[in-house]
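Here is a walk through the empty space in one protein model. Keep the viewer open and follow along.

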Amino acid sequence: MRRHPVRWHTGGPGAAQRLLGRLRARLEEQRRAEAHRLLEADLRGLWREACTGVGLCQHIDVAAGLTVRTPRFGALRLAPTGTSFTVELLPGGEPTDIEAHAARLAHSLGFAGLRIQPLAGRWVRVVLFEIDPLASTYRLPRTVTGRADDAVLLGRAEDGALIEHALASPGHLAVQGQNGSGKTQLSYGLLAQLCAAGDVLITGSDITGLLLGRVWNGTAHRDWQVTGSRDLAAHAEHLDRLVTWMDQRLDAMPPRQDSVTPTVQTPLVLVVLEEFPGLLRAAQAKDKKLAERITSAVLRLLSEGRKAAFRVLMLAQRFEANAVGGGYARDQFAVRLSFRVPADSLAMLHGDDARPLGPEHANAAPGIAYLSAPGHDCTRLRAPYVGGYGHFCDRISQLARRADGTEETP
Ligand SMILES: Nc1ncnc2c1ncn2[C@@H]1O[C@H](COP(=O)(O)OP(=O)(O)OP(=O)(O)O)[C@@H](O)[C@H]1O
Ligand SMILES: [Mg+2]
């Protein structure tokens with residue numbers, strides 16, 4: 001019988017193949033590490049130049065002359081989720097110093113934007129993104145919320161994060177923007193998400209008759225909406241009716257409770273006021289008393305509505321105090337969104353912090369908004385797009401809650 005030699009020194013049958021495989025993998029790993037090292041060196045140099053370029057640096061006088069110190073580049077991370085690197089802040093520096101130059105720094109590095117994540121101690125992570133989430137339109141997903149305390153989508157922020165808001169959380173919503181800047185589209189999106197919720201009633205006044213009105217025929221919400229500009233007294237009456245309902249709720253508040261929790265029997269009442277300054281102007285032109293009646297009803301809804309599960313969504317081209325019922329009325333909005341507006345209008349609704357963004361935002365594309373809300377300071381976002389009026393009509397007619405007779409009525 002022929003004996004096979006025992007090739008113990010080479011590892012037995014197939015060992016050469018395995019050895020080759022291991023060598024190839026090691027070579028591949030070395031190539032990757034080398035590419036990573038080169039890219040890291042490249043970005044380190046670019047980061048230094050970019051920081052110097054935008055003035056994010058300190059000049060230090062040493063014996064050899066003047067040297068420039070920039071926030072120190074740590075290590076690069078190339079993950080499937082994105083590119084990022086660590087940076088040590090300058091002495092006395094804060095993450096906001098980098099954020100203030102975010103767009104310019106990102107562009108110098110060849111990216112569309114960046115976001116800062118604080119790490120331990122003086123270190124932060126600079127996360128880079130290749131596409132600008134604000135630059136592209138995106139469709140509103142076909143999802144609806146079932147409850148008032150479920151979050152609805154407001155938009156997508158510059159870092160790609162989704163920004164949501166639960167209607168049940170305290171706070172009225174103010175939306176301003178010039179003609180054609182995206183206010184109504186945002187509202188189409190909000191109402192399309194809320195229309196099926198069992199504990200939300202969509203009410204209000206809309207002189208344009210597009211956001212509310214006809215579209216809602218056959219739904220539980222339609223009886224609570226007044227549209228058109230022919231009968232302005234009907235708007236005033238309707239707002240008074242809402243105030244009466246709110247008062248009844250406040251009077252009937254159970255003991256040891258200071259606010260109404262939205263339920264199917266006591267729904268959250270969303271009062272939509274589309275183009276509210278237009279309604280006020282039209283009322284003023286007709287009868288000063290009528291305008292005063294409308295203003296005082298809205299003021300009451302704004303100041304006391306929160307406790308009675310009433311929320312106001314007011315839309316205006318510009319939130320000038322005398323156009324929206326006074327500075328007091330304007331101060332009642334916790335969630336404020338500005339689509340394209342002149343720089344002074346932006347500062348008027350969002351405060352002086354928004355001023356640096358004024359000139360850029362004055363030319364923002366439709367659908368891009370600036371948001372101030374609890375937990376969201378100075379955030380820019382792109383609102384989702386329902387796809388035009390026809391799509392809004394389809395969603396409402398297919399999804400909106402039908403009347404079933406169990407509703408509370410004042
Ligand atoms: N989120 C968005 N994404 C993409 N396009 C948008 C978006 N929002 C608005 N647009 C575009 O801008 C147009 C005008 O938007 P919209 O009707 O909402 O403006 P508006 O602010 O309500 O204006 P007006 O003051 O005239 O009522 C839309 O028809 C649409 O083409
Ligand atoms: Mg509009």
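The largest pocket in this predicted model holds about 1,200 Å³ of space. It is lined by 33 residues. Those closest to its centre are Glu99, Ala102, Glu158, Leu357 and Cys378. Select these five to put the pocket in view.

Which elements build the wall? Five of them each supply at least two residues of the lining of the largest pocket. Two are helices, α2 (95-99) and α3 (102-108). The others are strands: β5 (113-118), β15 (368-373) and β16 (376-382). β16 gives the most, with five residues. By class, the lining of the largest pocket divides into 17 nonpolar, six polar and ten charged residues.

Now bring in the domains. The assignment for the chain gives domain 1 (40-129) and domain 2 (151-399). Their C-alpha centres lie 40 Å apart. Where does the largest pocket sit relative to domain 1 and domain 2? Both domains give residues to its lining, so the largest pocket lies between them.

Move to the second largest pocket. Its volume is about 330 Å³. Its lining has 18 residues, and the closest to its centre are Thr81, Gly82, Thr83, Val127 and Leu128. Strands β3 (72-79), β4 (82-88), β5 and β6 (123-129) each supply at least two residues of this lining. β6 provides the largest share, four residues. The strand β5 thus appears again: it supplies at least two residues to the lining of the largest pocket and at least two to that of the second largest. The second lining divides into seven nonpolar, six polar and five charged residues.

Pockets are open; cavities are spaces from which the probe cannot get out. How many cavities of 30 Å³ or more does the count give? The count comes to one. The largest cavity has a volume of about 50 Å³. Its lining consists of Val152, His165, Leu167, Leu173, Leu190, Leu194, Leu270 and Leu313. Of these residues, seven are nonpolar and one is polar. None is charged.

Set the three linings side by side. Around the largest pocket there are ten charged residues. Around the second largest pocket there are five. Around the largest cavity there are no charged residues.

Technical notes
Residues numbered from 1 in each chain as written. Chains lettered and ligands numbered in written order. Predicted model: local features only at pLDDT ≥ 70, side-chain atom pairs only at ≥ 80, totals over all residues. Heavy atoms only, no water. 1 Å grid on protein atoms, 1.4 Å probe; cavity = no way out; pocket = protein on both sides within 12 Å on 5 of 7 lines; lining within 4 Å. Points joined across faces, edges and corners; volume = space filled by probe spheres on them. Nonpolar A, V, L, I, M, F, W, Y, C, P; charged D, E, K, R; others polar. Domains from an automatic or database assignment.
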